Amino acid sequence: MIQKTVTLLGCTGSIGTQSLDVIKMQGYRVFGLAAHTRVELLMEQIQQFHPQVIVVTDSTAAEKMQTLLDGLSNPPKLWKGKEGLIQLASHPDAGIVLNAVVGIAGLGATLAAIESGHDVALANKESLVTGGSLVVEAVKKHGVHLLPVDSEHSAIFQCLQDAHSAKTLEKVLLTASGGPFFGKKREELEGMTKADALKHPNWAMGAKITIDSSTLMNKGLELIEAVWLFDLPPEKVEVVVQRQSIIHSMVQFSDKSILAQLGVPDMRIPIQYALTWPDRFPSPAPELDFSTLKQITFDTADEETFRCLAACKKAIAKGGLAPCAANGANEEAVKLFLEDKIGFLDIGRLVEGVVDSDSFGKSYTLADVYDCDRMAREYVRSQL
C-alpha cells in the first residue's frame, strides 16, 4: 500500500494536534506543516514528523522560528506569511491538504490546494461560508474531493455514502450541543463573561470556535456550510439540539426513514474519516460505551435569544456575499469580546446588524470576498 502524504495547515490548534494523533496512528507521511504563532509546539511537531516544509504566518513568530531551526542539523524549509501558506497548499508534493486554519484566512489556501489538484480535508468552515460558490466551482473544475472534517458534516457525509441516498434525501438534521448557555434567556446572558462562554459542556476546542458555540454562530456557519457541501436549499437544513453530542447529525429520506451517525465527542473520528475515506481503520478515539449512556435528548434551538443563528439563516437566504459579511462581523466581534471590549449579547447584535445592512448581490470574485470581509469588520468597529 502506498503511504499517504498529508499537508496540515493549522497544525498547532486543537484540530491540528488531534489530526497529528490520527496521522501518527495511520503512519502517514507529513509533507508540510503550517502554524501562526505557536513556534515552540511547531518545533516539537517538526522533530516528531519531519516535514519538508513549514510555514509560519505571523512575521514575528517566523523570525523566532528561524532561530529555532538554526539549531537543527537538517531543518525543513521555512516559508512565511500568507504567501507561504498559499505556496504550501499548492505545492505538487503536498498530498491531501487538511485545512484547519481558523477564519477567513483559510479561504485562499483552500482554493490554492483545489486549483493545484489536491483533495482537501476541510476543517476551515469559513472557506465555504465566505466563498462557497468559488470553492464549489473550483472543485467541479479540477475534479478533486472536498472531504468534511466538522463532526456534523462528516456525519451527514457518512450517512450519504450510498450514491442512491442523495437522490432521495429530504432534509438534513444538523445537531447542536446548545453550548454552555443552552436554556438561558437574553436577560440571563447580559453579564456573561468570556470565562463563562469558554466552558463548553462536551467538546475540547479552540477559543474562537468555543465562543461561536456559545452564541450558536458556529451552528449558523455549519448550516451555511451544509448548503454548499450537500447542494441543498437552506430550508432543507434543520438545526436540532442534541445536548450529549453523541448523535453528530442525521439525514431524512423521502420515505421518512432517518439515518444517524453516533460516536463519542472526539474530533479524531471525523478527522480520520476525511483522511482515510472511503476506507475505515482503527482510530485513536475511544469507543462509545452504551452501558454508561443513560439518555439521548433533543430540543429546538432558541433563535430569539441566540441571534447569530437567526442572522446566518437570513444571510444564506439573501445569498451572495451576505454569509461572508456575517462571518467577518462575527470574527471581529468575537475578537472584541475576548478582549473584554464588548458584551456577550453584542456579538449577535453586530452580526445581525451587518446582515441587515445590505442586499449583497449574487455573483462575486475572490477580491469581492475580501472587500466584503473588510467592510463587515469596519462596521463592527464603527459600532463601538
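**Notes on the predicted model**

1. A176 is buried, at 4% relative accessibility. The cut-off for that label is under 20% relative accessible area. Keep in mind that this is a predicted model. A176 sits in strand β8, which covers residues 169–176. Setting aside residues within four places in sequence, A176 contacts K219, V239, V240, V241, Q242 and R243. A longer-range reference: A274 is 98 residues away from A176 in sequence, and their C-alpha atoms are 21 Å apart.

2. Q242 is one of those A176 contacts, so what is its own setting? It lies in the loop that links β9 (237–241) to β10 (247–253). Is Q242 buried or exposed? Its relative accessibility is 0%, so Q242 counts as buried. Its side chain comes to 3.1 Å from the backbone nitrogen of I247. I247 belongs to β10 (247–253), at one side of this loop.

3. The wider surroundings of Q242 are as follows. Beyond its neighbours within four places in sequence, Q242 touches T175, A176 and S177. I247 is also in contact with Q242. I296, T297 and F298 complete the list.

4. Next, a helix pair. Helix α5 (residues 107–115) and helix α16 (residues 366–382) have axes that come within 12 Å and cross at roughly 165°. Angles over 145 degrees count as roughly antiparallel, so α5 is roughly antiparallel to α16. The crossing is right-handed. On the α5 side, L107, G108 and L111 make the contact. On the α16 side, the contact residues are L366, V369 and Y370. By class, the contact holds 5 nonpolar residues, 1 polar residue and no charged residues.

5. Helix α15 spans residues 344–355. How many of its 12 residues are buried? The count is 10, so the helix is largely enclosed by the rest of the structure. In the early part of α15, F344, L345, I347 and G348 are buried. L350, V351, E352, G353, V354 and V355 are buried as well. Note that E352 is on this list.

6. G320 falls in the loop between α13 (307–318) and α14 (322–338). Its relative accessible area is 18%, and the limit for buried is under 20%. G320 is therefore classed as buried. What does G320 touch, leaving out residues up to four places away in sequence? The contacts are F360, G361, K362 and Y364. T12 is 308 residues from G320 along the chain, with 33 Å between the C-alpha atoms.

7. Some backbone geometry deserves a check. Most peptide bonds are trans, and most residues other than glycine have a negative phi. The bond joining W277 and P278 is cis, with omega about 5°. P278 lies in the loop between α12 (268–276) and β12 (299–300).

8. Two residues have positive phi. H50 has phi near 50° and is not a glycine. H50 is in the loop between α2 (39–49) and β3 (53–56). D231 has phi near 55°, again in a residue other than glycine. D231 is in the loop between α11 (217–229) and β9.

9. Are H50 and D231 buried or exposed? The cut-off for exposed is over 50%. H50 has 59% relative accessibility, so H50 counts as exposed. D231 has 69%, so D231 counts as exposed too.

Key. Residues numbered from 1 in each chain as written. Predicted model: local features only at pLDDT ≥ 70, side-chain atom pairs only at ≥ 80, totals over all residues. Heavy atoms only, no water. Axes fitted to C-alpha atoms, helices over the stretch in contact; angles between N-to-C directions. Helix = DSSP H or I, 4+ residues; strand = E, 2+ residues; numbered from the N terminus. Parallel < 35°, antiparallel > 145°, perpendicular 65-115°, else oblique. Left-handed = near helix turned anticlockwise from the far one by under 90°. Contact = heavy atoms within 4.5 Å. Nonpolar A, V, L, I, M, F, W, Y, C, P; charged D, E, K, R; others polar. Buried < 20%, exposed > 50% of the residue type's maximum accessible area, 1.4 Å probe, protein only. Polar contact = N/O pair within 3.5 Å; in protein donor to acceptor, adjacent residues only side chain to side chain.
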